[in-house]
Amino acid sequence: MNQIVGHLMPRVFLSFSILALLSSGFFACADGDDRIDELEVPELDATDPVEYVNPFIGTGGHYFGYGSTFAGACLPHGLAKPGPDTTTPTGAAEFHHFSGYHHDDDMVLGFSNFHISGTGASDYGTFKLMPTSGFDESRATESGLLSVVDKSSEQAEPGYYSIRTIDHDILVELTATEHVAMHRYTFSADEPAPTVVVDVSHGIVGNEVTEASIEATADGAEFSGGLLYHGSLTGRSGGVRLFFCARPSVPPTSWTLWQDGQFLDGALEAMGSDVGAGVRFAEAGAVTWRIGVSAVDVAGARNNLEEEVGEQGFDAIREQASQVWSEALSKVRVAGGSQDERIMFYTALYHSKLTPTLFSDVDGQYMGFDKQVHVAEGFRYYTDFSMWDTYRTAHPLFILTDPGRQRDMLHSLLAMKEQGGYLPKWPAGTGYAGCMIGTPADLVFAGSYLKGITDFDVEVAFAAVVENATTAQPESGRDGVESYMNLGYVASDVQDGSVARTMEFAVADGAIAEWATALGYGAEAQAFARRAENYKLLYDEETGFFRGRNTDGAWNEPASEFKELNWDHPNYTEGTAWQYLWLAPQDTKGLIELMGGSESFLNKLEAFFSTPEPEDPLNEFLPKRYYWHGNEPDIHAAYLFNDAGRPDRAQHWLRHIIETRYGTGPDGLPGNDDCGTLSAWYVFSASGFYPNAGHSQYWIGSPLFERVVFSLAGGVEFEIRALGADTETLYVHGATLDGQALAAPFFDHAQIAAGGLMEFAMSTEPSATWSLPFE
């Protein structure tokens with residue numbers, strides 16, 4: 001164990017002279033002797049942030065280091081996500097193709113129009129088009145249609161993707177609006193039989209289409225239809241129905257439909273489980289396909305196409321997509337940092353805006369969890385919330401940078417409750433996936449309200465949260481809640497993942513308590529505040545970890561048999577006992593006291609970050625046992641050094657994570673991005689602060705940039721200024737907010753809701769001059 005407490009600097013309040021210096025503005029501690037030097041305030045970067053984004057970051061990596069991000073074209077949160085589905089000569093391993101794509105692959109199956117980004121399970125990746133030469137029965141199979149691609153030609157930017165196939169020398173280009181995918185295929189001049197295959201029944205590895213249909217107009221000007229898709233997530237609620245209306249820019253000379261092995265030349269409709277079309281064109285050159293998509297019906301897909309695109313060409317839509325992304329990414333502007341850091345920053349911001357998915361059509365219609373069509377009145381309807389992950393970082397980032405969309409997401413969750421019966425924890429498509437643990441919607445609602453988003457039915461939402469927190473719900477609620485209510489913990493002989501569930505339940509209860517307090521619900525606030533400390537019941541002083549208890553109160557295994565580094569331990573969910581040791585952000589003071597006080601806490605936290613992984617020849621294929629940034633339960637842990645009086649150690653380890661876990665290559669994410677969760681972590685941490693999810697508090701960290709400016713609701717700006725910040729100048733000695741010194745490395749959302757200027761005193765040397773927030 002790496003002992004650090006013997007080197008603790010005195011925990012003192014900032015002196016009057018330091019406060020005066022901090023209040024003077026435009027400062028940085030330039031060296032270890034705390035000399036304060038005035039520095040020039042740099043101009044914000046005027047480069048269009050779209051130019052920094054590299055969508056290929058996170059599309060590679062292997063095993064638990066696979067980022068699973070989407071490589072194709074889309075708008076922020078758009079339903080239409082046309083992109084490549086790739087493979088290898090030996091097939092596509094599902095573990096490396098959750099999004100349908102892996103950057104190492106040099107073969108493409110086709111370009112499907114629905115995708116999801118960053119998940120640890122495969123889904124969507126369906127309804128594909130593929131340009132080719134000629135059509136026969138073999139083209140209705142993946143092996144007969146796939147092509148080797150020229151990886152050196154591959155390009156991607158927000159709203160655009162392109163690559164050239166080698167087998168038939170075809171340039172493929174993709175762009176999108178929210179509900180329309182556009183494909184432009186440029187065939188070589190000597191191509192004798194330009195053809196586009198429309199495979200309605202395509203699904204990426206591990207998924208399937210069980211029902212499909214296609215119809216063609218008599219002149220071949222439009223192909224429309226739908227499918228029932230069963231993905232790893234959407235399939236858990238019976239699948240999701242998706243619809244399309246596709247129009248080629250030039251009339252085809254002929255087409256062949258197929259259905260379950262039958263090939264029908266010139267047919268106008270086909271139905272079955274294996275359905276598609278081979279569409280032939282007379283001349284080589286460019287053919288553009290405008291494809292409206294919908295989760296309601298074909299009429300919705302057609303209306304989406306006409307409203308969003310009409311007769312506009314590919315280049316016009318591509319330019320519009322770039323402009324939309326420019327506006328979205330310009331919500332956060334920076335000065336300073338390296339070229340690579342700006343690439344990682346804006347790519348992370350981009351990735352955070354790919355999900356959840358807009359599921360209502362342009363006319364407001366959407367398919368509800370009751371499988372009936374509804375109209376979203378006064379909001380737009382979203383689905384695909386990976387909330388066990390995203391409640392921690394992505395939703396807090398939406399609250400700051402896109403509060404209107406976050407408000408619509410809250411309305412969407414309430415619609416799911418109304419039409420499905422209860423709040424979801426992982427809504428996928430049109431149903432409950434029931435994936436992961438806890439009730440993370442509790443934290444999403446609480447955090448939104450506490451940070452000023454109140455334009456939703458608060459009483460209905462609070463009642464729904466309380467219901468989920470106290471009552472067992474099928475596929476969505478707190479599994480094991482009965483024993484949690486009766487015993488204060490989830491019993492290990494009743495429910496697997498008992499420690500993880502207890503910890504997550506208590507985290508959510510803490511958020512509910514703060515929300516109840518803000519609403520003036522005194523009794524509920526007290527009850528949930530008590531429950532927020534339930535995690536303590538599982539702390540074992542003998543081993544120094546949270547461990548499973550049985551219904552009778554006994555530990556579920558002897559201490560001598562306890563394996564704190566076992567990632568597959570049945571009492572934890574996707575983590576080890578080390579990784580769950582820090583999951584009490586709702587009660588950091590209580591956690592520190594439980595572990596024997598600041599000294600013991602700091603030593604163990606330091607060991608968590610500094611202890612090398614056990615030697616194992618399979619390490620590169622396995623999740624980490626100590627700090628693991630590739631999954632969510634411990635990604636806040638470095639910030640806990642603040643709570644124990646060592647902000648300098650938080651700053652040290654945060655910079656270490658930023659520098660070693662992120663990069664600009666395809667393997668530039670440390671694990672599945674989980675719908676933008678790891679990316680949003682980077683945006684916050686590179687900016688110099690981080691949310692305590694479900695609460696109004698932020699921790700202060702170590703900013704990468706000299707200036708970061710967030711555009712907030714109401715046209716106001718919140719600026720973080722850390723003059724002199726660079727790879728060596730990473731330590732924050734103090735901070736002011738609008739000229740007033742912060743007495744601790746924390747601040748509340750209310751302090752920045754109306755905008756403001758936060759200035760950090762930066763240094764190359766560590767300092768522990770901040771006092772504790774609870775002293």
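Buried here means under 20% relative accessible area, and the close-ups below come from a predicted model.

**Close-up A. Helix α7, wrapped up by its surroundings.** With that cut-off in hand, we can start at helix α7, which covers residues 394-401. Its buried residues are A394, H395, P396, L397, F398, I399, L400 and T401. That makes 8 of the 8 residues, so the helix is largely enclosed by the rest of the structure.

**Close-up B. The largest cavity.** The structure holds 6 cavities of 30 Å³ or more, and the largest of them contains about 120 Å³ of space. Its lining is made up of 13 residues, with Y391, R392, P585, H636 and A693 closest to the centre. Sorted by class, this lining has 9 nonpolar, 2 polar and 2 charged residues.

**Close-up C. The second largest cavity.** Here the enclosed space is about 60 Å³. Look for I57, M344, T347, A348, H351, Y662, G663, G668, L669, S679 and Y682 around it, for these residues form the lining. Two helices, α5 (339-351) and α19 (677-687), each bring at least two residues to the lining. The top contributor is α5, with 4 residues. Nonpolar residues number 6 and polar residues 5 in this lining, and there are no charged residues.

**Close-up D. Nonpolar cores.** The largest nonpolar core gathers 218 residues, and W289 and F445 are the ones that touch the most other members. Helix α12, spanning residues 498-519, gives the most to this core, namely 13 residues. Apart from it lies another core of 9 residues, including V180, C245, A301 and F314.

**Close-up E. An open sheet of 3 strands.** The strand order in this view is β28-β29-β34, and the pairing is antiparallel. At the edges sit β28 (689-691) and β34 (746-748), each of which pairs on one side only. From one strand to the next, the twist averages 30 degrees. Strand β29, made of residues 697-700, meets β34 over 3 bridges in the antiparallel sense. To find one of these contacts, pick Y698 and follow its bridge to F747 in β34.

**Close-up F. An open sheet of 6 strands.** Reading across, the order is β19-β30-β31-β35-β32-β33, with mixed pairing. Strands β19 (332-335) and β33 (740-741) are the edges, each pairing on one side only. Within the sheet, β30 (residues 707-711) and β31 (residues 717-721) run antiparallel and are joined by 5 bridges. A handy landmark is V708, which stands opposite I720 in β31.

**Close-up G. Strands β4, β6 and β7.** As a reminder for this view, strands of a sheet pair through backbone hydrogen bonds, either parallel or antiparallel. Strand β6 (residues 147-157) pairs with β4 (residues 107-114) in the antiparallel sense over 2 bridges, and V108 has S147 of β6 as its bridge partner. Strand β6 also pairs with β7 (residues 160-165), again antiparallel, this time over 5 bridges. V149 stands opposite T165 in β7. Together β6 and β7 form a hairpin with 2 residues between them. In the turn, G159 has a positive phi of about 85 degrees.

Notes
Residues numbered from 1 in each chain as written. Predicted model: local features only at pLDDT ≥ 70, side-chain atom pairs only at ≥ 80, totals over all residues. Heavy atoms only, no water. 1 Å grid on protein atoms, 1.4 Å probe; cavity = no way out; pocket = protein on both sides within 12 Å on 5 of 7 lines; lining within 4 Å. Points joined across faces, edges and corners; volume = space filled by probe spheres on them. Nonpolar A, V, L, I, M, F, W, Y, C, P; charged D, E, K, R; others polar. Core = buried A, V, L, I, M, F, W, Y, C linked by side-chain atoms within 4.5 Å. Buried < 20%, exposed > 50% of the residue type's maximum accessible area, 1.4 Å probe, protein only. Pairing = 2+ DSSP bridges. Axes fitted to C-alpha atoms, helices over the stretch in contact; angles between N-to-C directions.
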